[in-house]
Amino acid sequence: MTFSIQPLPAYGPLFEGAIAVYGEAFAQPPYSDPDRGSDVRSRIRDVHSARQGYRAFVATLPGGSVAGMIYGYHGTAGQWWHDTVVRALPAEVAREWLVDSYELVEVAVRPGCQGAGIGRALITELLNGRAEATCVLSTRTDSRAHHLYSRLGFATIIEMQFASNGAPFYVMGRPLPCNDLPAG
């Protein structure tokens, strides 16, 4: 499948296409959350884009349709996800993985385009040139995404729940830089 990666603008057709892809991807099982796309739009624009190290990219197919999106930023104390994970980890593990981390916050690939290398390309572009010591993320244990992350060198740091009645997640991490990502 032919695609290209470019920066994700904050407004316009590419941004709206990225939000639509995100909504489509997370409407599928195991997430089955058809409203998640509207939530991410405001989080990106109102909160996350102002964070240190924020970067976002979109994968487009020939003709300009959006096939995938990704974004992340530098993690730091005072951010909900960061603080929640720090509390769940032993202190020495938290220091190793989260003191100087880049958080891969969201990645989504249009369901019909999954398995074509788009997720890998988006992750590679997002992490290219990052100066942090580690990259961390979370993914549901019942999703297929953790298989991709494992192939890219991410290891499970902890399995945890973010809500007392919520699904279990893997928190995964890998050292940076990522100039050694496996091919294919």
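Leaving aside its neighbours within four places in sequence, which residues is Thr139 in contact with? In this predicted model, the list runs to Tyr31, Ala145, His146, Tyr149, Phe169, Tyr170 and Met172. Thr139 itself has its place in strand E5, which covers residues 134-140. Its relative accessibility is 3%, so Thr139 counts as buried. Two names on that contact list, Tyr31 and Phe169, are handy threads to pull on, so let's follow them in turn.

Start with Tyr31. This residue forms part of the structure's set of seven aromatic pairs, and its partner is Phe26. The two rings meet edge-to-face, with 4.7 Å from centre to centre and 75° between the planes. Both partners are tucked away: Phe26 counts as buried because its relative accessibility is 8%, and Tyr31 counts as buried because its own value is 18%, where the cut-off for buried is under 20%. Each ring also has an arginine for company. Arg36 lies over the face of Phe26, at 4.0 Å from the ring centre, while Arg140 lies over the face of Tyr31, at 5.2 Å from the ring centre.

Now for the helices around this spot. Phe26 is one of the H1 residues that meet helix H2, and Arg36 is among those on the H2 side. Helix H1 takes in residues 13-27, and it packs against H2 at an angle of about 135°, with the two axes 8 Å apart. That angle makes H1 oblique to H2. As for handedness, the crossing of H1 and H2 is right-handed. If you want to trace the meeting of the two helices on screen, look in H1 for Phe15, Glu16, Ile19, Tyr22, Gly23 and Phe26. Across from them, H2 brings Arg36, Gly37, Val40, Arg41, Arg43, Ile44 and Arg45.

The loop between H1 and H2 has a couple of quirks of its own. Most residues other than glycine have a negative phi, and most peptide bonds are trans. Pro30 sits in this loop, and the bond joining Pro29 and Pro30 is a cis peptide bond, with omega at about 10°. Ser32 is in the loop between H1 and H2 too, and its phi is near 50°, a positive value in a residue other than glycine. With a relative accessible area of 45%, Ser32 is partly exposed. Another cis peptide bond turns up between Leu176 and Pro177, where omega is about 5°. Pro177 belongs to the segment after strand E7 (168-175).

Back to the rings, and to the second thread. Phe169 joins Trp80, Trp81 and Phe162 in one aromatic cluster. Through Phe169, then, a contact of Thr139 is also a member of that cluster.

One more pair deserves a look. The structure holds seven aromatic pairs, including the one between Phe26 and Tyr31. Tyr54 and Tyr71 form a pair as well, this one tilted, at 5.9 Å centre to centre and 50° between the planes. What does the pair tie together? Tyr54 lies in the loop between helix H2 (36-47) and strand E2 (55-60), and Tyr71 lies in strand E3 (residues 66-74), so the pair ties together parts that are 17 residues apart in sequence. Tyr71 is buried, with a relative accessible area of 0%, whereas Tyr54 counts as partly exposed at 22% relative accessibility.

Note on methods
Residues numbered from 1 in each chain as written. Predicted model: local features only at pLDDT ≥ 70, side-chain atom pairs only at ≥ 80, totals over all residues. Heavy atoms only, no water. Helix = DSSP H or I, 4+ residues; strand = E, 2+ residues; numbered from the N terminus. Buried < 20%, exposed > 50% of the residue type's maximum accessible area, 1.4 Å probe, protein only. Contact = heavy atoms within 4.5 Å. Phe/Tyr/Trp six-rings, centres within 6.5 Å; stacked < 30°, edge-to-face > 60°. Lys NZ or Arg CZ within 6 Å of the ring centre and 35° of its normal. Axes fitted to C-alpha atoms, helices over the stretch in contact; angles between N-to-C directions. Parallel < 35°, antiparallel > 145°, perpendicular 65-115°, else oblique. Left-handed = near helix turned anticlockwise from the far one by under 90°.
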